[in-house]
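The following exercises concern a predicted model. Work through each task with the sequence and the structure at hand before reading its solution.

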Amino acid sequence: MVQIQEWTISVFGSDGAPETATRVPFDVHSTLIASGALADPFVGTREFDPATEELAGFKWKAVARFAFVANAAEPELLHVLAFDGLDTVAEVFLNGVSVAKSNNMFVPLRIPVSKEQLKDENVVEVIFESATAVAKALEETHGAGRLWNGDSSRLHLRKTQYHWGWDWGPTFVTCGIWKDVRFESFQARIADLNTIIELNDSLTEATVKVELEVEGIASLFSVPGETSAVIAIENPDGSSLVTESFNQQFSLQENNVILTHKIANPKLWYPVGAGAQPLYKITATLLHTSVPNPLSIESHKFGIRRVKLVETPLPQKSPAGPSQTSFYFEVNDRPVLLGGSNWIPADSFLARVTRDKYERWLRLLIQGNQNTARVWGGGIYEHDAFYELCDELGILVWQDFMFACGSYPSYPEFVQNVDAEARATVKRLRKYASIAIFTGNNEDYQLAESLPELGYQPGNDDEKQWLSSKFPARYIYEKILPKAVSDLWPGTAYKPGSPWSSGGKASGDLNTGDAHQWNVWHGTQERYQDYGKLAGRFVSEFGMEGYPVVETVKAFFEPGTPAAEIHPFSAVVDHHNKADGAARRIGLYMAENLRFGTNLEEFVYASQLIQSEALSAATSYGQWRREWGSDEDRRVGGALVWQLNDCWPVVSWAIVDYFYRPKPAYYSIKRQLAPIVLGISRKVTNKKTGASDAEVWGVNITDDDAIGTIVFESFDYATGHVLVEKEWGPVTIPANSSIELGSVEGLEGKRGVYQIFSVQFKTDGKVVSSASDWPQPLKHLPVSVPTRGVKIEQVSVEANVAVLRVSAARPTKAVWLKFGGIDEADLIVSDNFVDLVPGQVVDVVVKGWRQGITADKIFYNSDFPGIEAEKVWNKTVSTTTSTVFIAGGAVKTTTVKRTVYTVVGE
Ligand code: BMA
């Protein structure tokens, strides 16, 4: 087997066109960028430079050579030129003769080559058509579909759709060899090693059935027993579990079941936070009595688990309410609350995405307390490394098939092509324990519902109607794809789309199925404070744009750009924000909620505060996880934020930017996804005075009950004085559930006094979780108040791990620790963008610390220095009695100390 890695590329058909050397994986754009022939199109507005744009319109030629030594003594061999991934429309020539064509970047190409076609020195040429041109031609022939994002011709090509541009991504319709190329010579090989795992009801026994698909010289398999296979399975600890040999007759046409082995008390794989990720390893070795060495060896790791999607009727919440059906996952019969992100391709140029980059992203995901990644339908079926890492790290995968935001065609060649793609994909992905569900597409049903002229009839099951309508792709989502999944990986959950609700319901139905909750930002542009009312049974998309950190915004600009031009409203920044109506919507949410400055730092901070507020405690994540409930009543099964990552430097919905620099929302979400989380929200009972009640709840996703005391405090924002203190307990947050923990009612309001509610859950005196609730909108908070007295103390530094203690003398909103002397991407920071109240500290652990690093801060209204409050205060304490209503109706009377400060002489 020869890896064919070294290639040259040049524009096809232009004599004397310069050839540029490159290596697999490559695409034309990143090769030219690396060679210096193309200026980095991520900078400025170079995306639209003619030198950049013209590349997509060219045909490209890629050339490589490999040697072949014919050896007469050698037994008969099969030869194959194998391309694991050609992007996309290409013709392959071997020694000047066309040997194959590709029109699907997701389907590996294996080209049988005869000895006669081979020379000592072989030349392989791949001629890439211009994908934009081919797509247009197909559209000419088959008609234009409707879509959101990109050019409609994209719908006709089985090529990653985001290359045509998206509302967070640039347009680079590149081409290239994005996966390995090999010249293989073999007598026989293992074409596929499949482990089919079944668990008994009680999960105490796993049956592992091993199937082998073999390919090779027929004669080698003609005599039973001459060819055999040895299957070795290792336990997760590396010890041998079983080694067995199969000597029966092999079939070259179908799968050979060569071993069925029962494992008693198997080590079960769980997503992170719910258990461990033990991985067994299987190795299959193909042998022949006449050949000294193994003919072929295949191995992979596998986890044993049972993943179930639970869709059961939920208890009627209120008499008038619509019936609801749950949508949550069980892993090994344990309900798991999914908290995670949507994943998009990690670079506009796929050739630059490496295993290390995957690992960095996926570690960022679990360091953010997330347990799920949705591989979104406009990207790619990611490389094996991605899923291997998800198996190792315990990240559940929601896998879309690669269709997004369009009404795709379904003429026979297209459907055949898709069927091959689906089968190749399911076959490749079925060994990964982390894959929980496949969905047919991203938002295509939503698009069809929004365009009646497409003729989509949800309840109509007549395929002919589908295929004759302008939304024929139903045939793909409801026939072709589910069949591929059930044929090749029976028992794996599949839904025709995301979002999707069964029973002919609208895809956006909030009572069943999953939902993309875009009525904050898109749609009706609701206030993010109302996210609680917008819950679906599983929210697989929602989001709020936020600027990346200042350093990343600066990277948008051409080097040498005058400082005055580097501002939030510049044309370059707008170029690096592809979302429709972005400035209007960012402006809307900021003006509605914040007092903000317009210089770059202040504007970035404000936009990030909006994103963080929208994606955290009192809003989306917080309110939705509050409905995790308990068995029989799991009203919300999870929430996946749009989006985790970016594919270039951009303002978008991402919570971590292209340079791996987390935005504040990353930390706010992290706090919401912690194993035990306390929640608090304010019910304003009198808008004039701000009188209100405070509701407290807890979410516990561990397997143990959490018992503790609730400490509630209300602070006067201006002075930091405690206005109300209450304590109750012990309360229990049962294992793996969410529960209401009581409310504090009748909290007086006073005009001009802004109360910050804080609540802590303490076990044995130790704070397990804390939360605070701030009066809305934040912009009404007084500015000319005593200094907040924010302190950052370095508690310890050991082996490049520093602990910084952050505290404040008065309530302080959203303290962002800014690290100097290092690229923030090189630090692992345990927490940031914290809300502080007096008497509570936050210890931030910073990994990657070293000499010379500094930590500064910015917080809400920190642009206003605040009144130096070193004045003398008078303290008076008055006592009142009040009643607390505990969950379940119990009543408890407590004495309340009310502390009032007055400045001497004021
Ligand atoms: C949803 C996603 C993406 C899009 C995002 C933000 O539609 O599926 O297509 O980028 O919203 O608009």
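**Exercise 1. A salt bridge between two helices**

The side chains of R355 and E388 form a salt bridge, with an N to O distance of 2.8 Å. Determine which elements this pair links and whether R355 and E388 are buried or partly exposed.

Solution.
- Step 1: R355 belongs to helix α4 (residues 355-367) and E388 to helix α5 (residues 384-393). The two residues are 33 residues apart, and the pair links distant parts of the chain.
- Step 2: The class of "partly exposed" runs between 20% and 50% relative accessible area. R355 has 34% relative accessibility and therefore counts as partly exposed. E388, at 30%, also counts as partly exposed.

**Exercise 2. A salt bridge between two strands**

Locate the partners of the salt bridge between E541 and R374 and classify their accessibility.

Solution.
- Step 1: The side chains of E541 and R374 meet at 2.8 Å, N to O.
- Step 2: E541 lies in strand β30 (residues 539-541) and R374 in strand β25 (residues 372-375), so the salt bridge ties together parts 167 residues apart in sequence.
- Step 3: Buried means under 20% relative accessible area. E541, at 3%, is therefore buried, and R374 is buried at 0%.
- Step 4: E541 is also one of the residues around the ligand.

**Exercise 3. The ligand shell**

Identify which side chains have a polar atom placed 2.8 Å or 2.6 Å from a ligand oxygen, and describe the shell by class.

Solution.
- Step 1: The residues around the ligand are W166, D167, W168, W376, C405, N442, E443, W518, H522, E541, W642 and W653.
- Step 2: By class, this shell has seven nonpolar, two polar and three charged residues.
- Step 3: A polar side-chain atom of W168 lies 2.8 Å from an oxygen atom of the ligand. For N442 the corresponding distance is 2.8 Å, and for E443 it is 2.6 Å.
- Step 4: The ligand taken alone exposes 300 Å², of which the protein buries 96%.

**Exercise 4. The surroundings of S681**

State where S681 is found, whether S681 is buried or exposed, and what S681 contacts.

Solution.
- Step 1: S681 is found in strand β32 (residues 676-686).
- Step 2: Its relative accessibility is 5%, so S681 counts as buried.
- Step 3: With neighbours within four places in sequence left aside, S681 is in contact with Q623, R626, D693, A694, E695, W697 and D773.

Terms used: Residues are numbered from 1 along each chain as its sequence is written. This is a predicted model: local features need pLDDT of at least 70, side-chain atom pairs count only at pLDDT 80 or more; totals for chains, interfaces and linings use all residues. Side-chain values use heavy atoms; hydrogens and water are left out. A residue is near a molecule or strand if one of its heavy atoms lies within 4 Å of it. A polar contact is a pair of N or O atoms within 3.5 Å; within protein, one must be able to donate a hydrogen and the other to accept it, and residues adjacent in sequence count only if both atoms are side-chain atoms. Accessible areas come from the Shrake-Rupley method with a 1.4 Å probe; for residues, only the protein chains shown count as cover. Ala, Val, Leu, Ile, Met, Phe, Trp, Tyr, Cys and Pro count as nonpolar, Asp, Glu, Lys and Arg as charged, and the others, Gly among them, as polar. Helices (H or I, at least four residues) and strands (E, at least two) are DSSP runs, numbered from the N terminus. Buried means under 20% relative accessible area, exposed over 50%, partly exposed in between (1.4 Å probe, protein chains only). Contact means heavy atoms within 4.5 Å. A salt bridge is a side-chain nitrogen of Lys or Arg within 4 Å of a carboxyl oxygen of Asp or Glu.
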